[in-house]
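Colleague: Before any further calculation is set up, I should like to go through this model with you. May I put some questions in turn?

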Amino acid sequence: MIEAFIENPLLLLFVVAALGYGVGNIRIKGTGLGVAAVLFVGLGIGAVDQALHIPEIIIFLGLTIFVYTIGLQSGPGFFRNLRQHGLRDVLFVILMLTVSAGITVALHYLFNFEASTTAGLFAGVTTNTAALAGLLDILSHRAVESAGTLSEQAVVGYSLSYPMGVLGVMMAVAFVERVLRINYRKEEEALRKFYPIDQNMKNTAIRITSADIINRALRDLLREYQWEVVFGRVLRNDQVMLSSWDLKFQLGDVIKLVGNRDEVNRIIEQLGEEAPEELISGDPAFETARIFVSNPKVAGQKLAALNLQEKFSAIVSRYRRGDIDLLAGGETILE
């Protein structure tokens, strides 16, 4: 089996990826390694025989794809947060890197590590694969004669510290959770407006039976009750129409809305009673659709700036970012 992997590095690559993916899906008390498990499996299999290797071109191709996709996923949020909390975040990163670098330098002199090993340790403990690639590139260009040895030392240092860079953070988080008694549910509610957090959506219809909100504009009700939902279609006297800021509820109206499950249940108690969605969902004049944002002219704009309701009689109730459905609002920025 080892000989087959030595002769077929591509087979080795996909076996490591498949095993790592399987191990990453194993969860213990809700926590798992995720895609980081691929590296752990690779370290374990690589330790079996020195002859096991992956062609250099695949390493750099993988790194390129990794950096590119991370940029696509995190780029818009990174620059938005940089504008909002730039100074605070930059100072925190500088502090974090300074502390990590200080500890690394102390270990370097304490254990008499080679400089290349220490540099690999620093890249690994910050789980920065791109930094390791940059280090290897520098070594290959500036130390031609000993480049191979120095690169191996850097990779060894990286391999030693990367697991602790992952596991150490997980253990630190678990420790802080216990000490500070963190309530994630309460934090989710507080941060839901600002960050893409799973909102446990509920899509339902409500029949208006409460006289307290009759003949009051929807904009006034939203301001008074601080409802965090999106109102959609309204059924009144067997006619379906789209809700608007000026809509005034009447007794017997059936209105469709979507939002966080707890918020929707609270609104049901204030407005009336839950009604069958079929009453309002079957009108052929209205259609529900998912639209993929691919127009660069609207990317980066707020929903409110697009005037969709005035231009197209359309309401965006939610959007999907990554693998999470989120409630849409006027301040939602399309990406």
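**Surface, helices and charged pairs**

Colleague: What is the relative accessible area of F78, which is partly exposed?

Modeller: F78 belongs to the partly exposed class, which lies between buried (under 20% relative accessible area) and exposed (over 50%), with a 1.4 Å probe and protein chains only. Its value is therefore within that middle range, at 47%.

Colleague: Which pLDDT do local features need in this model?

Modeller: Residues are numbered from 1 along each chain as its sequence is written, and side-chain values use heavy atoms, with hydrogens and water left out. The model is predicted: totals for chains, interfaces and linings use all residues, side-chain atom pairs count only at pLDDT 80 or more, and local features need pLDDT of at least 70.

Colleague: What area does the nonpolar surface patch that includes F78 have?

Modeller: F78 is placed in helix α4, residues 56-111 (helices are DSSP runs of H or I, at least four residues, and strands are E runs of at least two, numbered from the N terminus). The patch unites F78, F79, L82, L87, V90, L91 and I94; members of such a patch have over 30% relative accessible area and no salt bridge, and nonpolar side chains are joined within 5 Å. Its area is about 680 Å².

Colleague: At what angle do the axes of α5 and α7 cross?

Modeller: Helix α5 spans residues 115-125 and helix α7 residues 147-180, and their axes come within 6 Å and cross at roughly 30 degrees. α5 is therefore roughly parallel to α7, a class for angles under 35 degrees. The crossing is right-handed, and its angle is roughly 30 degrees.

Colleague: Which residue forms a salt bridge with K202?

Modeller: Side chains of opposite charge can pair when their charged atoms come close. A salt bridge here is a side-chain nitrogen of Lys or Arg within 4 Å of a carboxyl oxygen of Asp or Glu, and 13 are counted by this rule. In one of these, the N to O distance from K202 to its partner is 3.6 Å, and the pair joins strand β1 (residues 201-208) to strand β5 (residues 272-275), 72 residues apart. K202 is buried at 12%, and the partner, partly exposed at 44%, is E274.

Colleague: How far apart are the closest N and O atoms of R266 and E263?

Modeller: Both residues lie in helix α10 (residues 261-271), three residues apart, about one turn of the helix. R266 is partly exposed at 32%, whereas E263 is buried at 14%. Their salt bridge has its closest N and O atoms 2.8 Å apart.

Colleague: Which residues are linked with R320 in a network of salt bridges?

Modeller: R320 is partly exposed, with a relative accessible area of 47%. Its side chain meets that of D325 in a salt bridge of 3.2 Å, N to O. The network joins R320 to D325 and R290.

Colleague: Which residue in the loop between α7 and α8 has a positive phi?

Modeller: The loop in question precedes α8 (184-191). The phi value is near 50 degrees in a residue other than glycine, and that residue is exposed at 74%. The residue is R181.

Colleague: What is the phi of N215?

Modeller: N215 lies in the loop between β1 and α9 (218-225) and is exposed at 53%. Although N215 is not a glycine, its phi is positive, at about 60 degrees.

Technical notes. Patch = residues over 30% accessible without salt bridge, like charges linked within 9 Å, V, L, I, M, F, W, Y side chains within 5 Å. Areas by Shrake-Rupley, 256 points an atom, 1.4 Å probe, with all protein chains shown as cover. Axes fitted to C-alpha atoms, helices over the stretch in contact; angles between N-to-C directions. Parallel < 35°, antiparallel > 145°, perpendicular 65-115°, else oblique. Left-handed = near helix turned anticlockwise from the far one by under 90°.
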